[in-house]
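Visitor: I am new to this structure and should be grateful for a close look at a single part of it. Please begin there and then lead me through the rest in one connected account.

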Amino acid sequence: MARPTPPSKARSVGVESLTELALDLRWSWNHSADEIWAELEPDLWALTHNPWVVLQTVSRTRLQELLGRPDYRNRVETLLDRKRRYADAPAWFAESDAGRLTGIAYFSMEFGLSEALPIYSGGLGNVAGDQLKAASDLGVPVIGVGLLYQQGYFRQVIGPDGRQEALYPYNDPGQLPIGPVRDESGEWLRLEFHLPGYRIWLRAWQVQVGRLRLYLLDSNDAANPPALRGVTSELYGGGPEQRLRQEMVLGIGGWRLLRALRLVPEVCHLNEGHAALAVLERARAFMEDSGQPFDVALAVTRAGNLFTTHTPVAAGFDRFPAALIDQYLRRYAEDGLAIALPELLALGRRDPDDASEPFNMAYLAIRGSGAVNGVSRLHGAVSRRLFQCLFPRWPAAEVPVGHVTNGVHTPSWDSAEADALWTQACGVERWRGTMDTVERGIRCASDAELWAVRTSARKALVDYARERMPQQLASMGAPPAEVAAMCECLDPDALTLGFARRFATYKRPTLLLHDPDRLLRILADRERPVQLIVAGKAHPADEAGQAMIREWFEFIRRPGARRRVIFIPDYDLLLAEHLVQGADLWINTPRRPWEASGTSGMKVLVNGGLNLSELDGWWAEAYAPEVGWALGDGREHGDDPAWDAAEARALYALLEREVVPAFYTRDARGIPGGWVARMRESMARLTPRFSANRVVREYTERHYLPAAAGYRARAAEKGALGAGVLAWQRHLAAHWPEARFGAVAVQTRDDHHQFAVQLSLGGLDPEAVRVELYADPTDGGEPARHVMARDRKLAAPNAYEYRGRVPASRPASDYTPRLVPHHPAALVPLEAPQILWPR
């Protein structure tokens, strides 16, 4: 059986010591080692920020020269000592009353940990990477599971006419900060995996992320047929067949990898529906261990699975034709799960009997999980609407989808100056615990200190743009004079707006261009200049998104805009880091409610940047006038062009009347007091609240610990409790149609309403159900639910009168009796969607 390769042991300082540092991605958020890499190869380090590439590339002569210097060796030894102390130090999870939890398997199609490991495309990967880093800081035992792509997501080149070109450079594993997983004999761990007509081999890789490991699978094994070596070739590339193959490797192969490593996580966290097949493989593994059939195994393992959806529209869910599921998963269903294909298809359909309905991975994830959450409060509500079809007749407020609002890993995004300020105000360990003192600490920073951070970061961004833009123009064939002019682009003292995101129609990346003349007047004001840095990619198949990039280039060509607006191509993590550190104001203009959460605006918080955003995603719950500016009325307007035009005018007005004056109204010291006051409130209130530290602690306390306890209870005695839950479900399915409501009577006395309800249960066990009085929520609160007591038996077989009383603070007409499933260990309505209301 295979095991993870053990961490390196302490050794004398040499190449091995540098290797140990370079292969731990903690350097991506702890920059204390930056200087030692810069000394090895300054130019390469500046371009890549990849210690492993630097170490692989530097000459042995240069390496030995530096290692021969006592000061360099001492610094390396100090860094190694800090690394080991970080790994060994007690963390929040160990020090909290966390209970017994041995592991959480975190499955994601992409992880955005560093530009040195380009296996991400955007927001989903950023969330996964930041949560993995925060879990390391907090000591939460997360195990990452993903795919190693030979090309990853595309790299963007912009032509002279503004047309986007997609390039797919090869990810050479030898240049990535990863290593092969070795078994006990030292052999590379390879998993045998079956696709229709073929047996393929999946290679296992590992990435050290502080205290944690991320495991990656890839199909680029020499023993595989050429066509199948490319199963993991490209992130989000190819058609449905390629996507299904990748999701099989991720979900089924990923869980098998954990088994091969003898890792037994109690919780499985599905970061989007791409990994939904893991619920099937986890159930199959339990079948193998316990001898139970699939339906019992799913009832047991479901309790330990968590599904996080990031999708705000139904079209965003992965759906596959039944014929494709038949081709790729029939054998797995029949031989591995011992069920017929229709039973498998039913798990991914709203209507199991509709042969034309495609197989929906999100539906499979919901039916295979014990909890489901969206990624912001608003997205939770949107998701409840999306999934209400799986829980017919249940009120929208009770569709079992909660929310854990996303956050960002603050140490990954802060500038050196911001880090120094936070350290002075709140201490070195501020992001590794409960953050109780963070808000109070940063409030003590003076106006001068806060403004100095902004001034320094803005200048650094302008310097970066002045270095990068001439290279970009030269590569596009621009005239030498135009290239030279870019060396003086932007102004380090001007209000700097950041606008970077995926170019898609729902994100409205051209809303600022609605009235280009008005925008140009705002930018070109000589007394109060404003400058704008734009970045973002459009999916290679998204023609509309690419057209919007061209619109920006057309605007930039205007004579008055050339030095005030730049578009920096190939938006990646390294560019994002520069932008979120240097921008004074981050602008976001999605069409509500299609921004599930959004995290780019969160990244400016730690750096003292402010937000001007649509009231969507995270900003809908973060906004207050003291911390930034809001666009929109908090309602949904679809893709109405008239509303877009109205919001564009409102955006210009906010910039003209509030944002620009606030930035340029200075005191005698040259400090904009009103602007800095907003900075302080934004940093103090929002930075901890929208940090990945809070997110991981919330997942741990609200989901991981209950899921682990639920799984352990159901798995005990070879799944006895799981079998009991399944028997209860079958009982409900067989007898629910027989239940009927009879007379409903209500009397109002003093301060309460007294209800009496007659109910015939048919063949239902009275202990398997519950009668409740239900009232819709008011003022955005929770629904009112009052359990009614079974009072007396009626003359008809298995018929009873139920009684209950509720406060008279609401009219009696607000309340309706209902019959719902009940089991002390079951998740209702997630595991039992039946519900009965009086006719």
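In which strand is Arg-770 found?

Guide: Arg-770 is found in strand 23, which comprises residues 769-775. The model is a predicted one, and every value that follows is computed from it. With a relative accessible area of 30%, Arg-770 is partly exposed, because that class lies between the limit for buried residues, under 20%, and the limit for exposed ones, over 50%. Apart from its neighbours within four places in sequence, Arg-770 is in contact with Val-787, Arg-818, Leu-819, Val-820 and His-822. With one of these, His-822, the contact is also polar: the side chains of Arg-770 and His-822 meet in a polar contact of 3.4 Å. A further pair can be described by its separation. Ala-789 is 19 residues from Arg-770 in sequence, and the two C-alpha atoms are 8.7 Å apart in space.

From this residue the account may turn to other strands. Strand 21 (residues 740-749) and strand 22 (residues 752-760) run antiparallel and are joined by eight bridges. Within this pairing, Val-744 has Val-757 of strand 22 as its bridge partner. The two strands form a hairpin with two residues between them, where Asp-750 takes a positive phi near 50°. Strand 22 also pairs with strand 26 (residues 799-807), in the antiparallel sense and over nine bridges. There, Leu-759 stands opposite Tyr-800 of strand 26. In a regular strand, side chains alternate between the two faces of the sheet.

Several buried residues may be set beside the partly exposed Arg-770. One of them is Gln-164, which lies in strand 4 (residues 164-167). Its relative accessibility is 11%, so Gln-164 counts as buried, the limit being under 20%. The side chain of Gln-164 makes a polar contact of 2.8 Å with the side chain of Gln-156. A polar atom of the Gln-164 side chain also lies 2.7 Å from the backbone oxygen of Ala-538. Residues up to four places away in sequence aside, Gln-164 touches a number of others, among them Phe-154, Ile-158, His-539, Pro-540 and Ile-549.

Thr-589 is placed in a loop, between strand 18 (585-588) and helix 25 (600-603). Thr-589 is buried, its relative accessible area being 1%. Two backbone oxygens lie within reach of its side chain: that of Lys-507 at 3.2 Å, and that of Arg-508 at 2.9 Å. Lys-507 and Arg-508 also appear among the contacts of Thr-589 beyond four places in sequence, together with Phe-499, Leu-511, Leu-631 and Leu-651.

Met-679 offers a case from a helix, as it lies in helix 28 (residues 673-689). At 1% relative accessibility, Met-679 counts as buried. Beyond four places in sequence, Met-679 is in contact with Leu-450, Trp-451, Arg-454, Gly-608 and Leu-610. Asn-611 is 68 residues away from Met-679 in sequence, while their C-alpha atoms are 9.9 Å apart.

Two other helices complete this part of the account. Helix 20 covers residues 447-475, and its 29 residues should span 42 Å at 1.5 Å a residue; the C-alpha atoms at its ends are 42 Å apart, which agrees. After helix 20 comes Gly-477, with a positive phi near 80°. Helix 16 (residues 377-386) has as its buried residues Leu-378, His-379, Gly-380, Val-382, Ser-383 and Arg-384. The elements that cover them include strand 13 (371-374), strand 14 (402-403) and helix 26 (619-622).

Finally, the chain may be considered as a whole. Its secondary structure amounts to 29 helices and 27 strands. The radius of gyration is 29 Å, close to the 28 Å that the globule rule gives for 839 residues, so the chain is as compact as a globular protein of that length. Along the principal axes, the C-alpha atoms fill a box of roughly 95 × 70 × 50 Å. Buried residues account for 59% of the 839 in the chain. Of the contacts between residues at least 6 apart in sequence, 73% join residues at least 24 apart. The accessible surface comes to about 32,200 Å², and 51% of that surface belongs to carbon and sulfur atoms.

Technical notes
Residues are numbered from 1 along each chain as its sequence is written. Side-chain values use heavy atoms; hydrogens and water are left out. Two strands pair if DSSP finds at least two bridges between them. Helices (H or I, at least four residues) and strands (E, at least two) are DSSP runs, numbered from the N terminus. Buried means under 20% relative accessible area, exposed over 50%, partly exposed in between (1.4 Å probe, protein chains only). A polar contact is a pair of N or O atoms within 3.5 Å; within protein, one must be able to donate a hydrogen and the other to accept it, and residues adjacent in sequence count only if both atoms are side-chain atoms. Contact means heavy atoms within 4.5 Å. The expected span of a helix is 1.5 Å times one less than its number of residues. The radius of gyration is taken over C-alpha atoms; the globule rule is 2.2 Å times the number of residues to the power 0.38. Accessible areas come from the Shrake-Rupley method with a 1.4 Å probe; for residues, only the protein chains shown count as cover.
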